[in-house]
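Q: I have a structure open here and would like to go through it with you. Could we begin with the ligand site and then move on to the fold?

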Amino acid sequence: MPRNATNEWHRRRDVRAVIWAIVPAAGRGARFGGDVPKQYLQIAGEPLIAHALDALLAEPRVEGAVVALAADDARWPGWTSRAGKPLRRCDGGGERADSVLAALHALPAAVGDDDLVLVHDAARPNLRVDDVSRLIDAALGHADGAILAAPVRDTLKRAGRDGAIAATEPREALWRALTPQAFRRGPLTRALQAARDAGAVVTDEAMAMERAGARPRLVEGREDNLKVTTPADLALAEYLLARR
Ligand code: C5P
C-alpha cells in the first residue's frame with residue numbers, strides 16, 4: 001500500500017468502524033440431496049440460517065446483516081430484524097460469488113468503502129462469538145482483511161486417475177478456509193467484480209482478494225465451525241449446538 005494510503009487508513013481507524021455481515025444463502029444444496037435447501041434444514045428448532053445469523057449478530061460490533069436468497073425462495077421467513085439488529089434481503093446469483101456481490105451492493109450507504117464486511121456461509125450454524133471477535137480485531141488491524149481458518153491435521157493424498165494414491169502432499173503450512181471472512185467493502189466488491197469479468201470461479205472471498213494481489217491474514221478458528229454439507233454434518237452440528 002502506498003504511504004499516503006496507509007496514513008489515510010490509520011487516520012480512518014480513529015473513526016468508529018461500521019461493520020456489517022453478509023450471509024449468502026442462495027444455494028440449492030444440491031450436494032445434500034432432498035428438496036429442502038440446506039440453509040433451511042432445522043436444528044434445535046431453528047433453520048441453519050437463523051443460527052448463522054444469530055452467531056454473527058451476537059458480536060456487539062456487527063450492526064446488521066444482508067442475506068442473499070434465491071429469487072424464488074418461498075421459505076424465507078421474512079425477517080427484517082434479528083437480535084434487535086436490521087436484516088436486509090437481496091436476490092442472490094448463480095454462483096456463491098455472485099450472491100456475495102449482490103449483497104455487497106445491497107448494504108446500506110452508511111457502510112463505507114473502508115468499512116468491514118463479514119461474509120459467512122448460511123450453512124455454518126456453529127460459529128462462536130469469540131471467533132467473530134478475534135476475526136474483527138485481526139481485520140481491523142490489517143488492510144488486506146482476514147479469514148477464520150484451521151490448520152490441516154490429516155495427511156493429504158493426491159489421487160491418481162485410477163483411484164490409487166499418486167502422491168502424498170506436504171501438509172505443513174496448509175489451512176482450511178472457514179467463514180466468516182472479513183474484508184473492506186470497496187476492495188472486496190472490486191475484487192469479486194474483477195473475478196467475474198475475467199470469468200474466474202472463486203470459491204471464497206479471500207480467493208478473489210488474492211487474485212487482486214491482497215494477502216489476507218489467517219486467524220485460527222475453532223474446528224467445529226463446520227459447514228453442513230452431508231446428513232452426517234447435520235447430525236454433528238445438532239450435537240454440537242445441543243452441548244453449548
Ligand atoms: O454450496 P456451498 O456449501 O459452497 O455454499 C456455501 C454458501 O453459499 C451457502 O450458504 C449457500 O447458500 C451460498 N450460495 C449462494 N449462492 C449460490 C451458491 C451458494 O448464496 N449461487
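A: Certainly. A backbone N or O atom of Ala25 lies 3.2 Å from an oxygen atom of the ligand. Please keep in mind that this is a predicted model.

Q: Which polar backbone atom lies 2.8 Å from an oxygen atom of the ligand, and which lies 2.9 Å from a nitrogen atom of the ligand?
A: The 2.8 Å contact to a ligand oxygen comes from a polar backbone atom of Ala26. For the ligand nitrogen, the partner at 2.9 Å is a polar backbone atom of Gly93.

Q: And how much of the ligand does the protein bury?
A: The protein buries 85% of the 460 Å² that the ligand exposes when taken alone.

Q: Which residues come nearest to the ligand?
A: Pro24, Ala26, Lys38, Gly93 and Ser99 come nearest, out of 16 residues around the ligand.

Q: What is the make-up of that shell, by residue class?
A: The shell around the ligand holds six charged, five polar and five nonpolar residues.

Q: Which elements each supply at least two of the shell residues?
A: Strand 1, residues 19-25, and helix 3, residues 96-105, each supply at least two.

Q: Turning to the fold, what is the strand order in the open sheet?
A: The order is 5-6-4-1-7-11-8-12, eight strands in total, with mixed pairing. At the edges are strand 5 (81-82) and strand 12 (217-220), each of which pairs on one side only.

Q: How does strand 5 pair with strand 6?
A: Strand 5 runs antiparallel to strand 6, residues 85-91, and two bridges join them. Within this pairing, Arg82 stands opposite Lys85 of strand 6.

Q: What lies in the loop between those two strands, strand 5 and strand 6?
A: Ala83 lies in that loop. The phi of Ala83 is positive, near 55°, although the residue is not glycine. For context, most residues other than glycine have a negative phi.

Q: Is Ala83 buried or exposed?
A: Ala83 has a relative accessible area of 61%, so it is exposed, the cut-off for that class being over 50%.

Q: Where is Ala44, and what is its phi?
A: Ala44 sits in the loop between strand 2 (42-43) and strand 3 (46-47). Its phi is near 50°, a positive value in a residue other than glycine. Ala44 also counts as exposed, because its relative accessibility is 59%.

Q: Let us change topic to helix 2. Why is it described as largely enclosed by the rest of the structure?
A: Helix 2 covers residues 48-57, and nine of its ten residues are buried, so the rest of the structure largely encloses it. Among the buried residues are Leu48, Ile49, Ala52, Leu56 and Leu57.

Q: His51 is in helix 2 as well; what does its side chain reach?
A: The side chain of His51 reaches the backbone oxygen of Ile43 at 2.7 Å. His51 counts as buried because its relative accessibility is 14%, where the limit for buried is under 20%.

Q: How many aromatic pairs are there?
A: The count comes to one. Trp76 and Trp79 form this pair, which is edge-to-face, with 5.2 Å from centre to centre and 75° between the planes. Trp76 counts as buried, at 11% relative accessibility.

Q: Next, the hairpin of strand 9 and strand 10: how many residues lie between the two strands?
A: Five residues lie between them, and Gly163 in the turn has a positive phi of about 85°. Strand 9 (residues 156-159) and strand 10 (residues 165-169) pair in the antiparallel sense over four bridges. Leu156 stands opposite Glu169 of strand 10.

Q: After strand 10, which residue is in the loop leading to strand 11?
A: Ala173 is placed in the loop between strand 10 and strand 11. Its relative accessible area is 72%, so Ala173 is exposed. The C-alpha atom of Ala173 is separated by 8.2 Å from that of Val152, which is 21 residues away along the chain.

Q: Finally, which peptide bond is cis, with omega near 10°?
A: The bond from Thr179 to Pro180 is cis, with omega near 10°. Pro180 belongs to strand 11, residues 175-184. Most peptide bonds are trans.

Conventions:
Residues are numbered from 1 along each chain as its sequence is written. This is a predicted model: local features need pLDDT of at least 70, side-chain atom pairs count only at pLDDT 80 or more; totals for chains, interfaces and linings use all residues. Side-chain values use heavy atoms; hydrogens and water are left out. Buried means under 20% relative accessible area, exposed over 50%, partly exposed in between (1.4 Å probe, protein chains only). A residue is near a molecule or strand if one of its heavy atoms lies within 4 Å of it. A polar contact is a pair of N or O atoms within 3.5 Å; within protein, one must be able to donate a hydrogen and the other to accept it, and residues adjacent in sequence count only if both atoms are side-chain atoms. Accessible areas come from the Shrake-Rupley method with a 1.4 Å probe; for residues, only the protein chains shown count as cover. Ala, Val, Leu, Ile, Met, Phe, Trp, Tyr, Cys and Pro count as nonpolar, Asp, Glu, Lys and Arg as charged, and the others, Gly among them, as polar. Two strands pair if DSSP finds at least two bridges between them. Rings of Phe, Tyr and Trp (its six-membered ring) pair if their centres lie within 6.5 Å; planes under 30 degrees apart count as stacked, over 60 as edge-to-face and the rest as tilted.
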